[in-house]
Amino acid sequence: MSTLPYCFQTAVYNYIRANKDVLLQAPPGAGKTQAALSPGLDGLWDADKNHIRGRDPQKVLYAVPMRTLAKSFYQQNLFPTKGLSGKPTWTKGWQAIWNPTIQTGEQPDDPLLEGRVIFLTVDQLLASFLTLPYGLPRRLDNINAGALIGSYLIFDEFHLYPTNQMMLTVLALCRMLKGISRFILMSATFSARFLKAIAEILKAETVVDEPGLNLFADVTNIQSQQRTWQAMEGPLTADVVQRRMGQRTLVICNQVERAQVLYEDLRASLPVGVDCTLLHSQFYRADRQAHETYLTRESFEQNSRPQMIVSTQVVEVGLDLSADALLTECAPAASLIQRAGRCARRKNERGNVYVFQPLDADGNVNYLPYGTPKSKTQDKNEPDDSLLDTCQRTWEALNTYQFQRQVIDYRGEQKLIDQAHGAADEAFVDGLEARIEKRIEEITTCLANRDDGYLSQMIRTQSSVPLFIDADPNADDTLTRNPHQRESFGVSRGRLYRYFKTLEESPPAIEAEFWLMGCTGQPIDLETEADNFEPPKYKWCPIQSATDLYKYRWFVAHPQIITYTATGGLRFQVPEAAAPASASPMGKPRSYDYKPYVADTYLQHLTGLYLATYDRDHGSHIRLAHEAAYGLNGLCEQLGFTAAQGERLLRLTLALHDVGKLNQPWQAWAAAWQESYAQSGLPPTVTVADGPLAHTDYDRRDKAQEDLKKSFKHAPRGTHAVESAEASLAIIQDACRGNEQQIAVVLSSIMRHHTPEADQCGAFQLAAGAETAITEVLRQFGFEAEADYWSQMVKRQFKQSGKSVQRSSGDVAARYSGWNAALLHYLFIRVLRLADQRSGEYWHRYGQLTVKEVK
């Protein structure tokens, strides 16, 4: 067991390692992050160093409720190494193979959630589970859901989630994954009523201070720090900031626009020698990284020059900095306490917290973005998702003798929470169990229909969409082929709507052909599987009216109607005539970006896929079977069959997924292309003489190959995914012994290993040599006894998919009671699609080892 400094951390560790789920309430700065991460990282340690497989989740997803500056986690968190006792101890740094990554709208470094330890927003996590992930092409939508299955899920500052949307969906998710994944919900600000109700519903253990317990007595910095709170009259202005600033000052506004204006005012008026920087979510990567240099303790806390940071909610979670003066706009008490946790954070420190009502340009109190009043169409029996009333209760409480100009300690913070949030929490937990069950039904419906409208219903009313900057997106090869290779900003449709209406009311004097353009995210050349010479192509359409904004998934703004600067970030205003915004820069390469095709035979491809799944760790990637083992074990138990049976079904799915490529038209096309490739003077990697092919050579970036593609004439090869399912149907039915649920999982996973919508196929005629290839692959995947028999069962000819396969193309969850069959499908899909992507690299790197040799 790891040595942890505090009693509450040890309690969390013991519960999680005992396979229990936890609700943790602890004050800011107490060490919640380490408490949550330590059992998850020790699970990785036991798997990697002690070779204990399947006992612990092999992926840790640390989710925060907003676009936090996740880089700060690298600077404060820990990993286990061997101590003198031979047991793990905690020291600075990360295990390289754990590949800690960040996935947010502004820093989308891990879009397929491939890291072992991932820091991401709750929005990204939930959208992935709903198979509507942000920032991915539609054809990849079904890969990420499986990343949550069997993982350790950490939900930080849970009380800050929009209640009737994100919070309810997280609770439904935890109910669905109970016993399949592990989870911990953490906050400094649970109310007593809320905490008790959630713990009962989720059957989770609680780690919380209670009267007489003094759980945090050994957390000395919590016991010795003092913050004096004061509710202030008037607006938060540059003049007020200068009068109240300290050596280390943190200023927080509720909206980016107000933070930008205040920052510009401060830059114009602060005395020489004061370092001031602006931090929010609307910066390009390079500029954000420059601003983040101020987020280190060395830069902010140990600098002889006065330091000031002007920011938004992005600093509420995960930022280990300590100011001596905090000036903030009023927000829900839960948020204010989080902000106050960045003031007087260290042992024996003293600090001042000044709270101001947020005023708009007209001098009216404006609590956006903390919800909007209940709409006329919303069910009156549902709790209001708006936090406007909570904000007002917070402000009223701060103006009472109990809190005004008082030192507020942890117990005082809990009293403030109960006064501000108690009524809303009471309304939320009333009838909560029934609403969770309803949300689970909505999730299963979403998995079947995959409509973007569910994002606003189940995550946030104003969910983010990517915004690029470009003067002619349809002429840009990147924006038409792979838009997300460029950096973008995550903005709400509501913000775009308001700005578009502003432009309509006061049209700018520019000669641009459009203000905004949109893209549905659906490629205009839908036959991407049939002809993967080129990546999908997308079309951008001008936004003609504000209502058009709700038709599209991605957006482009013309440089002449948007402002961007390295110091201020993105602003929704027309730039100065001489300084239009630059086009969006290229982002970091992603795992799904275009890569040249390298030819391999059917057997070579399946060998590489086997290596990636079962027998070879490579770089930051562990073998996929080990990553999936914990979730597979839990799902099989709940579905009523053994883990060995589930693993056998997975092997079967992998072994049969590409049988459709053994179609005569597919093989004829591949052979003809490789022959033309060789005749043009290009050296083919393999030819049809080496056996049936799985991939052909092609690099669209090479002019000679591009010219060859244009001159190449041959009948289309057709699709292969649904064909694979139809051709293998008899084998699958025999392997599943007629179990319709298992058959549906295997069939649907094979059918949709290229795109989530696949449900029809073309004609099929088994190619020469295919039977031998199928037999050999089945043997390689562990079906030695059945290989000869099963290869004879392949359907040799058909014109279209039959009724059994067509029926399995529907929603797996809808056909069977519960949702676990659908979860098994998404786990299989993830393993299959990632192994499919990695197979070429694994074959060409480790292909000298046969599967039989590495077993």
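How many bridges pair β1 with strand β9, and in which sense? Select residues 22-25 and 205-207 to find out: β1 and β9 pair in the parallel sense over three bridges. Strands pair here if DSSP finds at least two bridges between them; strands (E, at least two residues) and helices (H or I, at least four) are DSSP runs numbered from the N terminus.

Before going on, note that this is a predicted model, in which local features need pLDDT of at least 70, side-chain atom pairs count only at pLDDT 80 or more, and totals for chains, interfaces and linings use all residues. Residues are numbered from 1 along each chain as its sequence is written, and side-chain values use heavy atoms, with hydrogens and water left out.

**Stop 1: around β1**

Stay with β1 and pick L24, which stands opposite V207 in β9. Now add residues 182-187, strand β8: four bridges join β8 to β1, and the two run parallel. Here V22 has I184 as its bridge partner. Turn on the side chains of β1: V22 and L24 point one way, L23 and Q25 the other, and all are buried (under 20% relative accessible area, with a 1.4 Å probe and protein chains only). In a regular strand the side chains alternate between the two faces of the sheet.

**Stop 2: a seven-stranded sheet**

Next, show the open sheet with the order β12-β13-β11-β14-β15-β10-β16, whose pairing is mixed. Its edge strands, β12 (275-279) and β16 (406-407), each pair on one side only. Then select 325-329 and 350-356: these are β14 and β15, parallel strands joined by five bridges. Click L326 and look across to V353, its bridge partner in β15.

**Stop 3: helix α25**

Move to residues 740-751. Helix α25 has twelve residues and reaches 16 Å from its first C-alpha to its last, close to the 16 Å expected at 1.5 Å a residue (1.5 Å times one less than the number of residues). Eleven of its twelve residues are buried, including I743, V746 and I750. At the N-terminal end, N739 caps α25 with a side-chain oxygen 3.1 Å from the backbone nitrogen of Q741.

**Stop 4: an enclosed space**

Finally, select K59, G146, A147, I149, S151, L624, E627, A628, L827, R830 and V831, which line the second largest cavity. A cavity is a set of points on a 1 Å grid over the protein atoms alone where a 1.4 Å probe fits but cannot get out, and lining residues have an atom within 4 Å of a point. The volume of this one is about 80 Å³, taken as the space filled by probe spheres set on the points.

Terms used
Buried means under 20% relative accessible area, exposed over 50%, partly exposed in between (1.4 Å probe, protein chains only). A polar contact is a pair of N or O atoms within 3.5 Å; within protein, one must be able to donate a hydrogen and the other to accept it, and residues adjacent in sequence count only if both atoms are side-chain atoms. On a 1 Å grid over the protein atoms alone, a cavity is a set of points where a 1.4 Å probe fits but cannot get out, and a pocket is an open set with protein on both sides within 12 Å along at least five of seven lines; lining residues have an atom within 4 Å of a point.
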